[in-house]
Every structure is written in C-alpha cells, then in structure tokens.
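I opened this model to follow one sheet from strand to strand. My notes are set down in the order of the look-ups.

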Amino acid sequence: MHLSRYFLPVLRETPSEAEIISHQLMLRAGMVRQSAAGIYSWLPLGHRVLRKIEQIVREEQDRAGAVELLMPTLQSAKIWRESGRYEAYGKEMLRITDRHDREMLYGPTNEELITEIFRDSVKSYKDAGKTLYHIQWKFRDEIRPRFGVMRGREFLMKDAYSFDLTPDDARRTYYRMFAAYLRTFARMGLKSIPMAADTGPIGGDLSHEFIILAKTGESEVFCHKDLLDLDVPPVDIDYDGNLTPIIDAWTGPYAATDEKHEPEQFNAEVPTDKQMSARGIEVGHIFFFGTKYSEPMGARVQGKDGQWQTLQMGSYGVGVSRLVAAVIEASHDDDGIIWPVAVAPFEVGLINLRSGDTATDAACDELYTKLTNAGIEVLYDDTDERAGAKFSAMDVIGLPFQVVVGPKGLKNGEIEVKRRGSGARDTLAIEAGLNHVIEAVKAERMLV
Ligand code: 5CA
C-alpha cells in the first residue's frame, strides 16, 4: 500500500479526551474516530488490526471444533420474553420499535436467538455436541462508556454457544473453549490468566474470565504468580483427548477477580512472595449455565431411549474490538504502538527519505515489489514529508519492521532495517536487508 493513496490521519498531539494510553494511541495512529459516545468508526489502519484479531479468534475456534454462522444484530423481544430476560436486562438493552410497533432490540448477547435456532432445527441426541459461534457487533447501553473501544457501547464480540446432552459432555466442551482461549490470546502476544469469575446477567455457576494484566485495567484481580509462567497448549493440541491436565494446571493456582476473591483462602494457599494483586483487562469470559435457557425455551432432543432431554448449554465470549486496545496497552513505548507481527496492520513500513529522487524512488519501488511478492504486507511511505515527520509517524503507528531508504545509503548499496520493538538498527546491503526482513517477518507470524 502506498501511503500517498492511503487514508491515515495521524495526529501530532495527544487528544485531551483520551485518558488511557491505548485510546490516545488509537486516535493518534488514525485507527478510530468516535461518532457518538462509545460508538466508533474503524479507519483503515484500525480496521486491518480488527480483522487480524478476528481471524486469529476464528482460526482457534475452528481448531477447537466450533462452527461459524452469522446472526443478525437486531432481535425480536419475543424470544427474550421466553427466557425471562427481557425485563431483567434493564437499561443496558437498546430497545427499538419498528414501523408495525413490534418490539425489537439491538442484541447485547445471543443466548436466546441461538437457542431458538437450535431448538427449531434439532430433534435427536445425534444433533447434540455442537458449538456454534459468530463474530458480530453488539450494543450495550453502558452507563459510562469510556477508554475508547475498551468499554464501548457498540463493540465486536465473538460469541460461541454449546449444546450438549449431559453435564459431563458440556464440561468437556467448556474445557475445549478454555484451552482455545489460552492459545487465542497468546497468538496476539498476550499473556492471559483465567480467573474464577462472577456470571452476572448471563447466569450459571461455572465461569472464568480471561484477564490481561495492565495498570489501566478496570478489574481488580488476585492470583498466584506462577500462572504467569505456564505454557499455553501447542498448535497440535488434541481437542478430542483428555484436557483435564491442562485445565488442572491453569485452575490449580489461586486466581480470582475481586467479586470472587476470598482473602482468607488467598493467604492460606499462596505464599506471600507469590501473591499478586493487580489490575487487569477482561478479554474473554466463558460460562456454563446448564439449562438456564434451554429449559424455558424448550430446547430438547430425544435420547436413544426415546426420552426427551433438555440440552446443557454454555456460552463463550471474546471482546474482539476490546482486544485491539488490550494489545496496545500491553505493547507500546513513549514513541507509540509496538505491534506484534501477528496482529500488525502492516508488517513492514518502507520509508523513502527522498521521494522524487529517481534513484531512491526506483530502489523503493523494487523493494516494495519484492517484499509484496514474498507475501509481506508493506506500507510504503512515498510522500514528500520531511524525514523527521516520516520517522515519528512510523513509530506512532508501530509497524514491527521499518526499512529506510535514502540517497546516502544507496550510494553504498545499503538500506537500514529497524526493529520497532527494540529500536535496533542494522545497515545492510540491499539484498541482504530484504532477505533478513522477509525471514524475520515469516518467523514471527505464528509463534504459538
Ligand atoms: N454471552 C456471553 C458470552 S458469549 C457474554 O456476553 N459474555 S460477556 O458479557 O462477558 O462479554 C464477552 C466479552 O465481550 C467480555 O469478556 C469483554 O471482553 C467483551 N465486552 C463486554 N462488554 C464490552 C464493552 N462494553 N466494550 C467492549 N468489549 C466488551
């Protein structure tokens, strides 16, 4: 992509309305713009990151055996009356009336809708044991939307819903999602810690929040420090095998959000030097709630013996748009964002220090073509801004590699390669620099 043709409104100043670093940097890097309180447009750079995060979530859901579909944002109030949640959900639900005076709502979550779909399509025990998910916008009329996309009113969520025959089967499904979440967040360069959590308006008695530690996090959390050093399940994890050892390793050490925190148990179980109390960002939340929706909505199948059985359900959410901000909270410095390759909007920023100079333009064009042909995503700054402005904008938007090309270096047949994270710079012969970048990017695309 040539920057001269792109839409990247980078801000020099830090916008005063943004309280936390991820919100400041998302505005400065031209990733989002607010359209109303808690409602954002995703500008091209932000949109690319959102899509990459969404794709990682999708790949790990698919790997764990979940099946993607797409439900609408608008739902009928009727099904929410069936489950008994229509009144209970309160003011957070955006209620809408259509031209025929039918009561509708903008979905804050989808338990009712998926239960209706499943109920109306299945009859036999053979249809049980399925997990369906979609990645769709949600609306919650939060009393205090804040911190940009971190707590928005409109936000993108991956929500999965499972239907099993027995509580034991449902628990195994819960474990699969638990393991898939560990991989999902690790692939984005995030260390997530599953914590015993409250279930709020979704319900049920088994629930974990997946928390990323960050000073600006909204949740207060308490855990055993050893959880920070555990390995996440590998790419060839056998989801049909016994996942209990993984779950035991991750749920053995104490970890709880403040609603579930038991100070006495914490002090008894965790040695003082291993105790950690910190703030964190909730990037995912999983629930097992049995028959809370299937019972009132009549989602049943006929067992082998002909008896009707009410399905056992769970639901599993990931805050896709919130994750964009969470990655920035976890990975930035004073100059701007530092994207991990896996979610970077582009992998390489190519900087032309003398646009308009025939030799420099030709060298950049060639590098751009070769990098692009090697499958690398390049943002090429071909504008006639001065060098200093190009460098600082490139640092703000945080692409993992910068390739700097100027007339002086070219006289010696050299280019400069900078690692955004460490700041390390290498001056290399053109061909060697090119190969170095291609190999480094490919090596880092999927480290987990
Ligand atoms: N139906 C269940 C699971 S599918 C559910 O809705 N769970 S939830 O309420 O915990 O939301 C799932 C995830 O969405 C949360 O873990 C969080 O990462 C994200 N999320 C929730 N509210 C917001 C919000 N206002 N802004 C951005 N992300 C949010």
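The entries below concern one sheet and the helices beside it.

Entry 1, strand order. I note at the outset that the model is predicted. I traced an open sheet of 5 strands in the order β20-β19-β21-β22-β23, with mixed pairing. I then asked why one side of β20 and of β23 is left without a neighbour in the sheet. β20 (378-381) and β23 (425-429) stand at the edges and have a single partner strand each, so one side of each has no neighbour there. From one strand to the next, I recorded a twist that averages 20 degrees.

Entry 2, the parallel pair. I looked up β19 (residues 348-352) and found that its pairing with β20 is parallel, over 4 bridges. Val 348 has Val 378 in β20 as its bridge partner.

Entry 3, helices on the sheet. I found helix α12 (residues 387-397) packed on the sheet, where it touches β19, β20, β21 (401-405) and β22 (414-419). The direction of α12 makes about 175 degrees with that of β19. Helix α14 (residues 430-444) also packs on the sheet, touching β19, β21, β22 and β23. For α14 I noted an angle of about 25 degrees with the direction of β22.

Entry 4, the antiparallel pairs. β21 and β22 are joined in the antiparallel sense over 4 bridges, and I located Gln 402 opposite Lys 418 in β22. β22 and β23 also run antiparallel, joined by 5 bridges; here Glu 416 stands opposite Thr 427 in β23.

Entry 5, the hairpin. Between β22 and β23 I found 5 residues in the hairpin, in which Gly 423 takes a positive phi near 80 degrees.

Note on methods:
Residues numbered from 1 in each chain as written. Predicted model: local features only at pLDDT ≥ 70, side-chain atom pairs only at ≥ 80, totals over all residues. Heavy atoms only, no water. Pairing = 2+ DSSP bridges. Axes fitted to C-alpha atoms, helices over the stretch in contact; angles between N-to-C directions. Contact = heavy atoms within 4.5 Å.
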